[in-house]
Each structure stands twice: as structure tokens, then as C-alpha cells.
Amino acid sequence: MGIMMNSAYIYLQLYRLFDNNTPLPIDCGQLCNSACCSGDDSGMFLFPGETEVYKLLSPESMKIEMSDLSYSYNGKEYKTPILFCDGDCDRYVRPLACRIFPLTPVLNESGNIEIIVDPRANSVCPLAKTFTLSEYDENFIKSIKKAFILLNKNKRVHSFMIEYTKYINEFNRFFK
């Protein structure tokens, strides 16, 4: 699976898993006035190859910058892109990280995908502050796991997931 060549297609297919599949069977944005979509720092990481989607869609309300999170793959160092929006985007052009918020994938000690409540969400999401993983919609969790088990089979994504897991674990150290 060549991540760059087919990545836009792969991500667009994965996005469909979350068109009607959300953390709760309601619009949780109504509970918090879409807190995750507001603020100057409300950006979402793009997973390896996901920028290809935004080259196709090029929404005016979104911009991509490079974050400090980097990972190595095939002897090359990659910075992780982060997508910023103006807080009012078309639901169907949201990146994968946004679609799965406030949950996130990490690698467990065996190197397999595990889904957790994103510790970075605690500061903006009432669900992240108050819900345990088991209280989220079961199909939502299964869809996230399915998407990332597939993505993690790609060696470049797996290299990213190793560094991303370290990054998330650092947040967990401070927020637990």
C-alpha cells in the first residue's frame, strides 16, 4: 500500500466510517457550544498521507502548518502537519483526528492499536472530562479501532504511531 499514492482515497474512505458515527448518539457539539472547534490553538494533527486529501479539497477555511511532532521513516525525518480551521467547517471535510475526537489511537505495550480518551481533550471537551471509554458509543470506538488497525499496517503510519504514542503518553503523565 503506497501511502502517498493512494492515501487521499484511503482517508476519504475512512472518513465515511464517521459520517454518522459519533462519540454519542447526539450532536455532542451542542453540549459545549463546539468547544473543540474554537480557539486559536484548535488544530488537529494530520496522519501520514492525510495532507493529500487537503490538496484535493483545498478548503479556504483551513490551513496546514508543521507541528513539532516528528518521526523517522526510511531514514528520513518527517514533521507532522497540523490542520487549523476557522471553527466553522463543512462537517464532511474534517480530518480524521477531528472525526474521532475526543478519542485517539495509541499503541499498547504489544504494539497493537488501542483506543483511549485523548488526554489533550480534557481542557476543552466535557465528554473527555467526565466519560470513561466504556461510556462512548460502542460502534464509534469499533470504527476508530478498525480504521487505525488498517492504517497501522502501513510502515510509515506505524513509525508515526510510535512517536505519537510517546507524545500522548507524556500528556497522560501530567493529566492523570
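Which residues form one aromatic cluster? In this predicted model, the cluster is made up of Phe45, Phe47, Tyr71, Tyr78, Phe148, Phe160, Tyr164, Tyr167 and Phe171. The structure as a whole holds 13 aromatic pairs. One of them joins Phe45 and Tyr167 in an edge-to-face arrangement, with 5.4 Å from centre to centre and 65 degrees between the planes. Phe45 belongs to strand E1 (residues 43–45) and Tyr167 to helix H7 (residues 155–175), so this pair ties together parts that are 122 residues apart in sequence. As for accessibility, Phe45 is buried, at a relative accessible area of 8%, whereas Tyr167 is partly exposed, at 27%.

A stacked pair is formed by Phe160 and Tyr164: it earns that label because the ring centres lie 5.3 Å apart and the planes meet at 25 degrees, and planes under 30 degrees apart count as stacked. Both residues sit in helix H7, four residues apart, or about one turn of the helix. This spacing invites a general remark: an α-helix has 3.6 residues a turn, so residues three or four places apart point the same way. Phe160 is buried, with 1% relative accessibility, and Tyr164 is buried as well, with 2%. Helix H7 spans residues 155–175. Tyr78, another member of the cluster, has a charged neighbour: the charged end of Arg156 sits over the Tyr78 ring, 3.9 Å from its centre.

Attention can now turn to the strands. Strands E2 (residues 62–73) and E3 (residues 76–85) run antiparallel and are joined by nine bridges. Within this arrangement, Ser72 stands opposite Glu77 of E3. The two strands form a hairpin with two residues between them, and Asn74 in the turn has a positive phi of about 50 degrees.

Helix H6 (residues 138–152) offers a handy check on geometry. With 15 residues at 1.5 Å a residue, H6 should span 21 Å, and the C-alpha atoms at its ends are indeed 21 Å apart, which agrees. Its buried residues are Phe140, Ile141, Ser143, Ile144, Ala147, Phe148, Leu151 and Asn152. Viewed down the axis of H6, these buried residues fall within an arc of 160 degrees, so they line one face of the helix. Phe148 also takes part in the aromatic cluster. Glu138 and Lys146, on the other side of H6, are exposed. At the start of the helix, a side-chain oxygen of Asp137 comes to within 3.0 Å of the backbone nitrogen of Asn139.

Definitions and conventions: Residues are numbered from 1 along each chain as its sequence is written. This is a predicted model: local features need pLDDT of at least 70, side-chain atom pairs count only at pLDDT 80 or more; totals for chains, interfaces and linings use all residues. Side-chain values use heavy atoms; hydrogens and water are left out. Rings of Phe, Tyr and Trp (its six-membered ring) pair if their centres lie within 6.5 Å; planes under 30 degrees apart count as stacked, over 60 as edge-to-face and the rest as tilted. Buried means under 20% relative accessible area, exposed over 50%, partly exposed in between (1.4 Å probe, protein chains only). A charge sits over a ring if NZ of Lys or CZ of Arg is within 6 Å of the ring centre and within 35 degrees of the ring normal. Two strands pair if DSSP finds at least two bridges between them. The expected span of a helix is 1.5 Å times one less than its number of residues. The arc is that of the directions from the helix axis to the C-beta atoms. A polar contact is a pair of N or O atoms within 3.5 Å; within protein, one must be able to donate a hydrogen and the other to accept it, and residues adjacent in sequence count only if both atoms are side-chain atoms.
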